[in-house]
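Work through these exercises with the structure open beside you. Try each task before you read its solution.

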Amino acid sequence: MEQLLKVMNFCVSSDGVAAGEHQTLERPFGLDGPERLFSWAGATASWPMRTDPGGSRGLDDYFTRDFARNIGAEIMGRNKFGPQRGPWQDLEWQGWWGEEPPFRTPVFVMTHHGRPSITLSDTTFHFVDGDPATVLAQAREAARGQDVRLGGGVSTVRQFLEADLVDTLHVAVSPLKFGSGLRLWENPEELLDRFHLEVVPSRSGVTHHLFWRR
């Protein structure tokens, strides 16, 4: 079976913003109040960081629960891994997620500045320099027949879209505006030359945009 490249649970505002332009250690998304983009997922019963019982069921919970299904590797940009730019100055930095990252697969971090791979629990981060097609080939090999998730950030997702490598795309659009920042799109119709689109509103106020390759 074909190994799909999937963008899953990617969160943007109603004006297409997924992150700010000025990321720092204290502001990983470079935005004021970025949790507003993800609150729909955190409210679900299947949210992996949930510490109390309960949570919502239904459509939002389906997407949260489906996040890891048949995923054998992840690709992410360097800015999703951490706030450093240029040559690595601090090899002690091992990502935002602590000793047990949520990926539980090989993760390929795209960067022009190499560093040794690191393993935390059952996640191994590989730091790779290559174009999207080359990195995808590496990730597919590591995934051993399973699909590959493209985790972001927004610039990385746009690179793979421009290279026409994305097979499916799920974008959760929250009913808020940031006004400025890094945009996934100006309008989701920009992708309709290559993708089918179904738009499904949720009771949480989020609108799920589901794209699949034509």
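**Exercise 1. The start of a helix**

Which residue caps the N-terminal end of α4? The model is a predicted one, so read each contact as a feature of that model.

*Solution.* Go to the N-terminal end of α4. The cap there is D131. Check the atoms: a side-chain oxygen of D131 lies 3.0 Å from the backbone nitrogen of A133. Now go to the other side of the helix. Just after α4, R144 takes a positive phi of about 55°.

**Exercise 2. Length and sides of α4**

Task: check the length of α4, then find where its buried residues lie.

*Solution.* Step one is the length. Helix α4 covers residues 132-143, which makes 12 residues. At 1.5 Å a residue, α4 should span 16 Å. Its end C-alpha atoms are 16 Å apart, so the two values agree.

Step two is burial. P132, V135, L136, A139 and A143 are the buried residues of α4. They cover an arc of only 100° around the axis, so they sit on the same side of α4.

Step three is the cover. The buried residues of α4 are covered by elements that include β1, β3, β4, β6, β7 and α5.

**Exercise 3. Reading the sheet**

Task: give the strand order of the sheet and find its edges.

*Solution.* The sheet is open and has 9 strands. Read across, the order is β5-β6-β4-β3-β7-β1-β8-β11-β10. The pairing is mixed. At the edges stand β5 (118-120) and β10 (195-201). Each has a single partner strand, so one side of each is left without a neighbour in the sheet. From one strand to the next, the twist averages 20°.

**Exercise 4. The two partners of β7**

How many bridges join β3 to β7, and how many join β1 to β7?

*Solution.* Take β3 (residues 71-77) and β7 (residues 147-152): 5 bridges join them, and they run parallel. In this pair, I71 stands opposite D147. Another bridge partner pair is E74 and R149.

Next take β1. It is joined to β7 by 2 bridges, again in parallel. Here K6 has R149 as its bridge partner in β7. R149 therefore appears twice, as partner of E74 and as partner of K6.

Last, look at burial: 6 of the 6 residues of β7 are buried, leaving the strand mostly covered.

**Exercise 5. A helix against the sheet**

Task: show how the buried residues of α5 are arranged, and name the strands that α5 touches.

*Solution.* In α5 (residues 154-162), the buried residues are V154, T156, V157, F160 and L161. Seen down the axis, they fall within an arc of 160°, so they line one face of the helix. Now find the contacts. α5 packs on the sheet and touches β1, β3, β4, β7, β8 and β10. Its direction makes about 130° with that of β7. Just after α5, D164 takes a positive phi of about 60°.

**Exercise 6. One residue in its setting**

Is D60 buried or exposed?

*Solution.* Locate D60 in helix α2 (residues 59-65). Its relative accessibility is 5%. Buried means under 20%, so D60 counts as buried.

Next, list the neighbours. Beyond residues up to four places away in sequence, D60 touches W40, T44, S202, S204 and H208. W40 is 20 residues away along the chain, yet the C-alpha atoms of D60 and W40 are separated by 6.9 Å. Finally, the side chain of D60 makes a polar contact with the side chain of S204, at 2.7 Å.

Technical notes. Residues are numbered from 1 along each chain as its sequence is written. This is a predicted model: local features need pLDDT of at least 70, side-chain atom pairs count only at pLDDT 80 or more; totals for chains, interfaces and linings use all residues. Side-chain values use heavy atoms; hydrogens and water are left out. Buried means under 20% relative accessible area, exposed over 50%, partly exposed in between (1.4 Å probe, protein chains only). Helices (H or I, at least four residues) and strands (E, at least two) are DSSP runs, numbered from the N terminus. The arc is that of the directions from the helix axis to the C-beta atoms. Two strands pair if DSSP finds at least two bridges between them. Axes are lines fitted to C-alpha atoms, for helices over the stretch in contact, and angles run from 0 to 180 degrees between N-to-C directions. Contact means heavy atoms within 4.5 Å. The expected span of a helix is 1.5 Å times one less than its number of residues. A polar contact is a pair of N or O atoms within 3.5 Å; within protein, one must be able to donate a hydrogen and the other to accept it, and residues adjacent in sequence count only if both atoms are side-chain atoms.
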